[in-house]
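Please open the model in your viewer and keep the sequence panel beside it. The tour below moves from the whole chain to single residues, with a selection to make at each stop.

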Amino acid sequence: MQEVIRSQLKPEIQVFTNPETLTQAAADEFVRQAERAIQARGRFTIALSGGSTPKSLYALLATQPWRKRIPWNQIHFFWGDERHVPPSDPSSNFQMTQERLLFQVPIPQQNVHRIKAENPDAKAAAAEYEQDLRQFFQLGENQFPRFDLVLLGMGSNGHTASLFPGTDAVREQSRLVVASWIEELNSDRITLTPPVFNNAACVIFFVAGAEKATMLKTVLEGQYQPNLLPVQIIRPTQGKVVWMVDRAAASSLSTAISSTPS
Ligand code: 6PG
């Protein structure tokens, strides 16, 4: 049963019984948005999330019926962030996606726009990715790419992509991509910035598991404090936000649940 909760922050919250139904619904939404974008503009641009939650989604998209419904040669994959490691590293978001999806489907190589995080200079890797975005989206000065879809996760500390609490990246307003030293991880990350995320046509937060429940409640029902809870900075100016979560992650939300016919 799909239930829809309207939180006071106005984003749509869809609650699914378990990770399986959540993942199937996210795969359906991916296909719907891809078909719509391709029909309207001949291509579908998406910035993918890293982390572990989306692994099942990427794997599912490579299987039927979703696989055959997706025109892979008209999809362009980007990443919302990347760890500062080579693409072969097991902690690489690109590697995770490649294993589960890119190796499994007929997507042309030129449609895969990875962050070249093997560059020992994280700032240079960020600058190179920014140039790739500017070229692909044919951006002028002070323009930001408009992704058809951005898929994001949420860490239990309130970070999203590699926008971590207390980092300058959360307050970045002009660059498209920055390198950010993450003290608690003792490593650099490369991440898209809030103005890029907030220029998207649609942002889907894909969150599952009881360990996210407290933070989800804090983010959606608590004070607006993006420096502490960077996920709150994601509020597209001309786009929608949909939280697609499982019941375990939603278990602390106090908003009344209004169910809609599944
Ligand atoms: C990353 C992601 C990160 C992730 C959250 C949630 O590079 O790890 O971009 O923002 O979405 O940390 O991660 P899980 O899905 O593993 O809980």
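## The whole chain

Begin with the full protein chain of this predicted model, where, among contacts between residues at least 6 apart in sequence, 74% join residues at least 24 apart. Coloured by secondary structure, the protein chain shows 8 helices and 11 strands. Its radius of gyration is 17 Å, close to the 18 Å that the globule rule gives for 262 residues, so the chain is as compact as a globular protein of that length. Turned along its principal axes, the C-alpha trace spans about 45 × 45 × 35 Å.

Now switch on the surface, which comes to about 11600 Å² of accessible area, with 49% of this belonging to carbon and sulfur atoms. Of the 262 residues, 54% are buried. If you colour by charge, you will find 25 positive and 25 negative side chains, and the centres of these two sets lie 6 Å apart.

## An aromatic cluster

Which residues do ring pairs link into a cluster? Select Phe30, Phe44, Trp72 and Phe77, which are joined in this way; the whole structure holds 10 aromatic pairs. The rings of Phe30 and Phe44 have centres 5.5 Å apart and planes at 90°, so this pair is edge-to-face. Phe30 belongs to helix H1 (residues 19-41) and Phe44 to strand E3 (residues 44-48), so that the pair links distant parts of the chain, 14 residues apart. Both Phe30 and Phe44 are buried.

Moving to Trp72 and Phe77, you will see ring centres 6.5 Å apart and planes at 45°, so this second pair is tilted. Trp72 is buried, as is Phe77.

## Helix H4 and the loop after it

Select helix H4 (93-102), which is mostly covered, with 8 of its 10 residues buried. The buried set consists of Asn93, Phe94, Gln95, Met96, Thr97, Gln98, Leu101 and Leu102. Show the surroundings of H4 as well, and you will find its buried residues packing against E3, helix H2 (55-61), strand E4 (75-79) and strand E5 (81-83).

From H4, follow the chain into the loop that leads to H5, and stop at Lys116. Is Lys116 buried, exposed or partly exposed? Its relative accessibility is 29%, and Lys116 therefore counts as partly exposed. Beyond its neighbours within four places in sequence, Lys116 is in contact with Ala125, Glu128 and Asp132. A distance drawn between the C-alpha atoms of Lys116 and Tyr129, which are 13 residues apart along the chain, should read 7.2 Å.

## Helix H5 and its far side

Next, select Arg134 in helix H5 (residues 122-136). Despite its charged side chain, Arg134 is buried, with a relative accessible area of 16%. Leaving aside neighbours within four places in sequence, the residues in contact with Arg134 are Leu139, Gly140, Gln143 and Leu176.

A short step along the sequence brings you to Gln138, in the loop between H5 and E6. Gln138 is exposed, at 69% relative accessibility, and has a positive phi of about 50° although it is not a glycine.

## The loop between E6 and E7

Continue to the loop between strand E6 (149-152) and strand E7 (177-182), and select Asn157. Asn157 counts as partly exposed, at 28% relative accessibility. Which residues, other than its neighbours within four places in sequence, are in contact with Asn157? They are Phe164, Pro165, Glu184, Met215 and Leu228. Of these, Met215 is 58 residues away from Asn157 in sequence, yet the two are 6.9 Å apart in space, C-alpha to C-alpha.

Ala161 is found in the loop between E6 and E7 as well. Its phi is near 50°, a positive value in a residue other than glycine, and Ala161 is buried, with a relative accessible area of 11%.

## A last stop at a peptide bond

Most residues other than glycine have a negative phi, and most peptide bonds are trans. With that in mind, go back to the loop between H2 and helix H3 (66-69), and select Pro65. The peptide bond from Gln64 to Pro65 is cis, with omega near 5°.

Key: Residues numbered from 1 in each chain as written. Predicted model: local features only at pLDDT ≥ 70, side-chain atom pairs only at ≥ 80, totals over all residues. Heavy atoms only, no water. Helix = DSSP H or I, 4+ residues; strand = E, 2+ residues; numbered from the N terminus. Rg over C-alpha atoms; globule rule 2.2 N^0.38 Å. Buried < 20%, exposed > 50% of the residue type's maximum accessible area, 1.4 Å probe, protein only. Contact = heavy atoms within 4.5 Å. Areas by Shrake-Rupley, 256 points an atom, 1.4 Å probe, with all protein chains shown as cover. Charge placed at Lys NZ, Arg CZ, Asp CG, Glu CD. Phe/Tyr/Trp six-rings, centres within 6.5 Å; stacked < 30°, edge-to-face > 60°.
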